[in-house]
Amino acid sequence: MRPKISIIGAGNVGATTAHLAALKGLGDIVLVDVVDGVPQGKGLDILESLPVERKSVRVLGGTSYDSIAHSDLVVITAGLARKPGMSRDDLLVKNAEIVSEVSKHVRQYAPEAIVIVVSNPLDAMVHVAAAAGFPSRKVIGMAGVLDSIRFATFIAEAAGVSVDNVQTLVLGGHGDQMIPLTSCARIAGLPLETFLTKEQIETIVERTKNGGIEIVNYLKTGSAYYAPAASVVEMIEAILHDKKKILPCACWLEGEYGFSGVFIGVPAVLGRKGVEKIVEISLSNQEREAFAKNVGHVRELVSKVGL
Ligand code: TXD
């Protein structure tokens, strides 16, 4: 039987994720949104795109949660996106309400599903979703993959090499304080300094941290969705195909990196059981301090929404 993937929120990220996942034939897709007509229309449109690629998965859109029953995986993208001048944290209160309500429905109709949270502010929203009662290793936040592929894009561009040769890792929360790890980044197995000057690397790190707002400032009416959707799809594929792929994502820490009881971005092995292992890498003192600051910030946001 084909896996079933449900996507809550049929907006920019949700619909693009549905389209990419359907084109890859990753499973049957259900799109749910509160705005009647949008999930039905987008779902049908995506379905009608599939004959070109000879992909025969089912795609269905609607406003009712009945249709998500027996999902293997649920992606939560419901919520507001930011506009120029807004930080991700400005979305906290409104999106916490939305994600809380959505997660309760998901818990009721698809209690066995692995849940990927996308809504912002990301790390805090993972806590909100988990509060609906999912096992902690089955709730995972998408942000690190996106931040890492942005980091890789900028490195490849500056070094004038194929992005295929670039490996990157961004640690910590999905905010301005995220930690693009220059010490772990490699170009064809070699340190960045082999190809780039210190100044170039610093510029790339800053651009990565501001990768989200760069797009928001161009679009003005919303935030990025092509690269975010591609990132979600990479996680879906790793999970449903039980790839044991190491991807950075917001995971529940139980002592790893010296912290417990918090969801934050770390490299993790993703497979059919969700987060199967957290990979601990040794950090410099500076990186460790930055990580602790990130944890503090996430905890502050989480307490503001009463969790
Ligand atoms: O890296 C990351 N994690 C992110 C996060 C990358 C990109 C976008 N990121 C965040 O995802 C963004 O800040 C937002 O909080 C979400 C969704 O972004 P998107 O760009 O898809 O926003 P849209 O296009 O406004 O879509 C949101 C949809 C829209 O169709 C609403 O009608 C719907 O969410 N919505 C709901 N659906 C179901 N149930 C409820 N309650 C609901 N409320 C709104």
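**Entry 1: the second largest pocket**

I began with the second largest pocket, which holds about 500 Å³ of space. I kept in mind that I was looking at a predicted model. I asked which residues lie closest to the centre of this pocket. Of the 20 residues in its lining, they are Gln167, Thr168, Leu169, Ile246 and Pro248.

Next I looked up the elements behind this lining. I found that α5, β7 (166–167) and β12 (245–254) each give two or more residues to the second largest pocket. Sorting its lining by class gave me 13 nonpolar, four polar and three charged residues.

**Entry 2: the largest pocket**

I then moved to the largest pocket, with a volume of about 730 Å³. It is lined by 36 residues, and those closest to its centre are Thr77, Ala78, Gly79, Leu80 and Ala81.

Which helix gives the most to this lining? I found that it is α3, with four residues. The elements that supply at least two residues each are α1 (12–23), α3 (92–109), α5 (144–159) and α7 (211–219). By class, I noted 18 nonpolar, twelve polar and six charged residues in the lining of the largest pocket.

Where does the largest pocket lie with respect to the domains? Domain 1 (4–141) and domain 2 (144–304) both contribute to its lining, so I placed the largest pocket between them.

**Entry 3: one residue, Leu181**

I picked Leu181 for a closer look and found it in the loop between β9 (179–180) and β10 (186–187). Is Leu181 buried or exposed? Its relative accessible area is 0%, and buried means under 20%, so I wrote down Leu181 as buried.

I also listed what Leu181 touches, leaving aside neighbours within four places in sequence. Its contacts are Phe151, Leu169, Leu171, Ile281, Leu283 and Glu287. I had already met Leu169 among the residues closest to the centre of the second largest pocket.

Out of curiosity, I checked Leu181 against Lys4, 177 residues away along the chain. Their C-alpha atoms are separated by 35 Å.

**Entry 4: the whole chain**

Last, I stepped back to see the chain as a whole. I counted nine helices and 14 strands. The radius of gyration is 19 Å, close to the 19 Å that the globule rule gives for 307 residues, so the chain is as compact as a globular protein of that length. Its C-alpha atoms fill a box of roughly 50 × 45 × 40 Å along the principal axes.

How much of the chain is buried? I noted 50% of the 307 residues. Finally, I looked at contacts between residues at least 6 apart in sequence, and 70% of them join residues at least 24 apart.

Technical notes
Residues numbered from 1 in each chain as written. Predicted model: local features only at pLDDT ≥ 70, side-chain atom pairs only at ≥ 80, totals over all residues. Heavy atoms only, no water. 1 Å grid on protein atoms, 1.4 Å probe; cavity = no way out; pocket = protein on both sides within 12 Å on 5 of 7 lines; lining within 4 Å. Points joined across faces, edges and corners; volume = space filled by probe spheres on them. Nonpolar A, V, L, I, M, F, W, Y, C, P; charged D, E, K, R; others polar. Domains from an automatic or database assignment. Rg over C-alpha atoms; globule rule 2.2 N^0.38 Å. Buried < 20%, exposed > 50% of the residue type's maximum accessible area, 1.4 Å probe, protein only. Contact = heavy atoms within 4.5 Å.
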